[in-house]
Amino acid sequence: MIESSDQVRDGERRHIAALILARGGSKGIPLKNIKMLAGVPLIGWVLRVAVDSDVFDSVWVSTDHDEIERVAKAWGAKVHRRSPEVSRDSSSSVDTIKEFIRLNPEVDVVCHIQATSPCLHPFHVKEALEMITLHGFDSVFAVVRRHQFRWKEVKRESGEMTKPLNMDPTNRPRRQDWDGELCENGSFYFCTKELLETQGCLQGGKVAYYEMLPEYSVDIDVDIDWPVAEQRILRFGYFGKQKLEVVQLMLCNMSGCLTDGRIYISASGEEMLSISTRDTMGIHMLMKEGVKVVLLVSSEDPITKVLCDKVAQRTGCQVLQMGAEVLGDVEELMEEMKLDWKDVAYMGNDEPDVLCLNLAALSAVPRDAPAVAVNAAKYTCRSPGGMGAVREFAEYILLLKKKAKSQMEQDRINRQHF
């Protein structure tokens, strides 16, 4: 939370709230606000920022949908169940925010954060809020600088010619000679309750903009190519307060993660497993980068020792037989290897894995894992078990490993030169 002196106005402490609007209906992508994006529900990216920024007295999600409410609470938000009157396709954001303010009169300053802005970081909202708490602005909104030449739109049959709107074609500036234009990027809108009540808008009174760099200005409403958006987020997104750790050990529950959880039995009684070559390649990628991979098999799992040996031979990994208490066996292995949980990535797929999923520095489940495991994991794969989920998590681990090493190198350069 920001210092109380920053939140005091006219002798009274002001309540500052974050509000994310997440209606259940979507014309483009059904339930887009909780669709998994890089292993996290879309709305989870901005909720993590709002909670971790420590500048809000309360963090809210306004919704009309039960599943969005469940996800919002899981990510630390309170829920405002909006009325049917402000849940229509024609309802405006301002109408919904005004209803929220009316029903929560203790709120003095509201920050409307858009769920479709997953590259937002805590420092963005901290710095923007200071423009209100320290410099007396009534409203502050996010912008990005664009270097795009605009032309007037004309109807094809009108005979009218187009003309430039923001440049002279006879003196066309180079990018480096032109400051560009400031455009709203939709990430957030701060405003006071007084402004909403007197003018009915989010931008007015003593108004200012907060400029964000283009790499943080990802708008899912515009970037509808989900894989492209995921790559942007993996590169520029905010992953939480914890320092990115370079894991040394990857533990993977073989049944339901490396396999689809089924055992095939032939007419002659032979037992078989199906393993994706994509997953085995992911394991080899990890081992090539110095990450030890150990496959886990529960004592209650029907996979035979012969099949375990075949998998070990195929993958080049150790296969470890686990007892009923997975956590105890895993921590015994970690003690032998002199590793802590911050050094471990864990992939599981069901209730026995929950404690390990919670403790590991990085954890993941396949797409088809039950809710109890999904809620415990830090990453949910797009692929189901046995069909590329291990490869996907391996790529995620290596990406974060690269990011962590890059950050450590940057810190080293900064210490030496500044």
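# Notebook: Asp343, the sheet, the cores and the salt bridges

**Entry 1, Asp343.** I started in the loop between H10 and S17, where Asp343 has its place. My labels for helices (H or I, at least four residues) and strands (E, at least two) are DSSP runs, numbered from the N terminus. A note on provenance: this is a predicted model, in which local features need pLDDT of at least 70 and side-chain atom pairs count only at pLDDT 80 or more, while totals for chains, interfaces and linings use all residues. Residues are numbered from 1 along each chain as its sequence is written, and side-chain values use heavy atoms, with hydrogens and water left out.

Is Asp343 buried or exposed? I found Asp343 buried, at a relative accessible area of 7%. For the record, buried means under 20% relative accessible area, exposed over 50%, and partly exposed in between (1.4 Å probe, protein chains only). Next I listed contacts, meaning heavy atoms within 4.5 Å. Setting aside neighbours within four places in sequence, Asp343 is in contact with Val247, Gln248 and Leu249. The side chain of Asp343 also meets that of Lys342 in a salt bridge, at 3.2 Å, N to O. My rule for a salt bridge is a side-chain nitrogen of Lys or Arg within 4 Å of a carboxyl oxygen of Asp or Glu. Lys342 is partly exposed, with a relative accessible area of 42%.

**Entry 2, the sheet beside that loop.** I traced an open sheet of six strands, ordered S16-S15-S12-S17-S18-S19, with parallel pairing. Two strands pair here if DSSP finds at least two bridges between them. At the edges sit S16 (318-322) and S19 (379-380), each pairing on one side only. S15 (residues 292-298) and S16 run parallel and are joined by five bridges. Opposite Val294 I found Gln318 in S16.

Which strands does helix H10 lie across? H10 (residues 326-336) lies across S12 (249-253), S15, S16 and S17 (344-347), and runs at about 140° to S16. That angle uses axes that are lines fitted to C-alpha atoms, for helices over the stretch in contact, with angles from 0 to 180 degrees between N-to-C directions.

**Entry 3, the cores.** I then looked at nonpolar cores: sets of buried Ala, Val, Leu, Ile, Met, Phe, Trp, Tyr and Cys residues joined through side-chain atoms within 4.5 Å. The largest has 86 residues, and those with the most contacts inside it are Ile43, Phe56, Ile113, Phe188, Phe190, Met250 and Phe393. Helix H13 (residues 389-417) gives the most to this core, with eight residues. Domain 1 (16-152 + 179-236) and domain 2 (249-406) both contribute residues, so this core lies between them. The domain bounds come from an automatic or database domain assignment.

I followed up Met250. Leaving aside neighbours within four places in sequence, Met250 has ten entries on my contact list: Leu286, Val291, Lys292, Val293, Val294, Ala345, Met347, Val390, Phe393 and Ile397. Apart from the core just described lies another, of 23 residues, among them Val344, Val354, Ala373 and Ala376.

**Entry 4, helix H1.** How many of the eleven residues of H1 (residues 42-52) are buried? Ten are, so H1 is largely enclosed by the rest of the structure. The buried ones are Leu42, Ile43, Gly44, Trp45, Val46, Leu47, Arg48, Val49, Ala50 and Asp52. After H1 comes Asp54, and I noted its positive phi, near 60°.

**Entry 5, salt bridges.** By the rule above, I get twelve salt bridges. One of them joins the side chains of Arg81 and Asp66, at 2.9 Å, N to O. Arg81 lies in S7 (residues 78-81) and Asp66 in H2 (residues 66-74), so this pair ties together parts that are 15 residues apart in sequence. Arg81 is partly exposed at 38% relative accessibility, whereas Asp66 is exposed at 58%.

In H13, I looked at Glu395 and Arg391, whose side chains meet in a salt bridge at 2.9 Å, N to O. Glu395 and Arg391 are four residues apart in that helix, so about one helical turn separates them. Both count as partly exposed: Glu395 at 39% and Arg391 at 22%. Elsewhere, salt bridges that share partners join Asp66, Glu69, Lys73 and Arg81 into one network.

**Entry 6, strand S11.** Last, I checked which way the side chains of S11 (residues 207-212) point, and they alternate. Ala208, Tyr210 and Met212 point to one face and are buried, while Val207, Tyr209 and Glu211 point to the other and are not. S9 (residues 139-146) runs parallel to S11, and six bridges join the two. Phe141 has Tyr209 as its bridge partner in S11.
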